[in-house]
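Please open the model in a viewer and follow the stops below in order, selecting each residue or element as it is named.

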Amino acid sequence: MKKNKTISRRSFVSNGFKAAAFIPFVGVPLTCFGRTKEKTGINTLTNTPKPLDILILGGSSFLGPHQIAYALERGHKVTTFTRGKTAPTVHKDYYSKAEHLIGDRENNLEALKGRKWDAVIDNSGRKVAWTEATAELLKDAVGMYVYISSVSVFYPYYKANLKEEDPLVLKVPEDAASDERFTYDYGVMKANSELAAERIFGKERTAVVRPTFMAGPADRTNRFLYWPTQLVKGNDVIIPGKKDDPVQFIDVRDIADFTIRILENNTTGVFNGVGPEKEMSVTTFVQKAHEALDSKSKLISIDDSNFLRENNLRFQAPWVLDSEKFHGISRVNNQRAVTNGLRFRSLEKTILDTHNWWNSDAVAEERKDAFLSDANELHNRQKDLLEKWKTLRK
Ligand SMILES: NC(=O)c1ccc[n+]([C@@H]2O[C@H](COP(=O)([O-])OP(=O)(O)OC[C@H]3O[C@@H](n4cnc5c(N)ncnc54)[C@H](OP(=O)(O)O)[C@@H]3O)[C@@H](O)[C@H]2O)c1
């Protein structure tokens, strides 16, 4: 059994290039409902939701195309609102079936006027004023506002087991160091945007979803790529940090599915969109990824925090070096979201699909080259790092 599984997985990996476009979009393991597999390959729940008209502010980048695919599969209609600059790299077929409105959240919301929707998902919130303007404009034309926030609202993450109701920082402290202003700015912007949506739509018509690091096909960042690219090549791979350091991440599709289902169920409130379901250590994360890709890589643990800090290895998503201000980043409580329907794909699926997407035509060769040759990326720094580490331990 194990052998068959390994062989099929191995051929899946080696054929990933061509197969990428046909990888089944496996649905969430909701055990309380039956599932059907439709001709598109997306597993959907058998309970048929009431069809909704959904507006997505954004929709063409990372999270949006997955939301659109899931929503259309569930029988909903989708309208997006963007500047028309970003093109999706996944689910282009679904994307083409949505209606697309063009404008600019900065200064042109004309296309949203005089229309009605059942719900709006605010994916592209980058300024509090943007959320205020769209919420004001849509409050009498749309039933429910879903704001996609971030666990960054908890920065500085002093404590473990962060829950939705934990206090948020709403103003960047005046004495914040210049190198942490960016981190503060983003969290403070997201926190105030959450409040703006709730104030204007009312808490009874607002949902807030706070994803942690999202991984999966269509990621615009390179944060997660060290693992699939190095493990598939069989290069040495570093396990950074103490062997029990926790990691948290979420498959982008789990957030996409959750967002659509909370609309269907009219679920309001604030939800930490965090996986995996149960605690996972960095060691388990790397070992599972290694196994998923049938990797030949040697795994080398570097567990000396001082060494990691001195050599500027503080973050290799989803792992983050433990420190006073980042202690809680990988210890966020996800219980409320799980109770309200957040479900999780396996790490194996996330890593395999990311690998296949990265090696497909969906990703431009220039982007691949830029990542692989980037001197700051761990795969290009690790030879020196491992030499130093070996010398230190002699
Ligand atoms: N990536 C993560 O790990 C992560 C973690 C936590 C939270 N989040 C949050 O998740 C959300 C979704 O992230 P994402 O990466 O999928 O999407 P994103 O990169 O925020 O999506 C950008 C979308 O907004 C549109 N857009 C950008 N500027 C615009 C403007 N001025 N007016 C109108 N539309 C504009 C873009 O299309 P055009 O360029 O065509 O306008 C695109 O469709 C974000 O709010 C992000 O903060 C992400």
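## A strand and its partners

Start with strand β3, residues 53–57, in this predicted model: four of its five residues are buried, so the strand is largely enclosed by the rest of the structure. Keep β3 selected and add strand β4, residues 77–82, which runs parallel to β3 and is joined to it by five bridges. To see how the two strands are connected, follow the chain from β3 through helix α3, residues 63–73, and on to β4; this β-α-β crossover is right-handed.

Next add strand β6, residues 117–122, which pairs with β3 in the parallel sense over four bridges. Which residues does Ile56 face in these two partner strands? In β4 the residue standing opposite Ile56 is Thr80, while in β6 the bridge partner of Ile56 is Ile121.

## The crossover helix

Now select α3 by itself and colour its residues by burial. Eleven of the eleven residues of α3 are buried, so this helix, like β3, is largely enclosed by the rest of the structure. Among the buried residues of α3 are Leu63, Pro65 and Ile68, and also His66, Gln67 and Glu73. Just after the helix, stop at Gly75, which takes a positive phi of about 90 degrees.

## Around the ligand

Show the ligand together with the residues around it, of which there are 24; Gly58, Ser61, Phe62, Arg83 and Ser124 come nearest. Sorted by class, this shell comprises six nonpolar, twelve polar and six charged residues.

## Unusual backbone geometry

The following stops concern the backbone, and for them it helps to display phi and omega. Most peptide bonds are trans, and most residues other than glycine have a negative phi.

Select Tyr155 and Pro156, which are joined by a cis peptide bond with omega of about -5 degrees. Pro156 lies in the loop between β7, residues 142–148, and α6, residues 181–201. Then move to Ala317 and Pro318, where a cis peptide bond has omega of about 10 degrees; Pro318 is found in the loop between β15, residues 315–316, and β16, residues 319–320.

Return to the loop between β7 and α6 and select Asn161, which has a positive phi of about 60 degrees although it is not a glycine. Is Asn161 buried or exposed? Asn161 counts as exposed, because it has 10 C-beta neighbours inside 10 Å.

Ala218, in the loop between β9, residues 214–215, and α7, residues 226–233, is also not a glycine and has a positive phi of about 90 degrees. Here the surroundings are those of a buried residue, because 22 other C-beta atoms lie within 10 Å of Ala218.

## A contact across the sequence

For the last stop, go back once more to the loop between β7 and α6 and select Tyr158. Tyr158 is partly exposed, with 13 other C-beta atoms within 10 Å. Which residues is Tyr158 in contact with, leaving aside its neighbours within four places in sequence? Select Glu324, Lys325, His327 and Gly328, which are the residues in contact with Tyr158 on that condition. To finish, draw a distance between the C-alpha atoms of Tyr158 and Lys325: the two residues are 167 residues apart along the chain, yet these atoms are separated by 5.1 Å.

Methods: Residues are numbered from 1 along each chain as its sequence is written. This is a predicted model: local features need pLDDT of at least 70, side-chain atom pairs count only at pLDDT 80 or more; totals for chains, interfaces and linings use all residues. A residue is near a molecule or strand if its C-beta atom, placed from the backbone, lies within 6 Å of it. Ala, Val, Leu, Ile, Met, Phe, Trp, Tyr, Cys and Pro count as nonpolar, Asp, Glu, Lys and Arg as charged, and the others, Gly among them, as polar. A residue is buried if 20 or more other C-beta atoms lie within 10 Å of its own, exposed if 12 or fewer, and partly exposed in between; C-beta atoms are placed from the backbone. Two strands pair if DSSP finds at least two bridges between them. A crossover is right-handed if, with the strands pointing away from the viewer, the path from the first strand over the helix to the second runs clockwise. Two residues are in contact if their C-beta atoms, placed from the backbone, lie within 7 Å.
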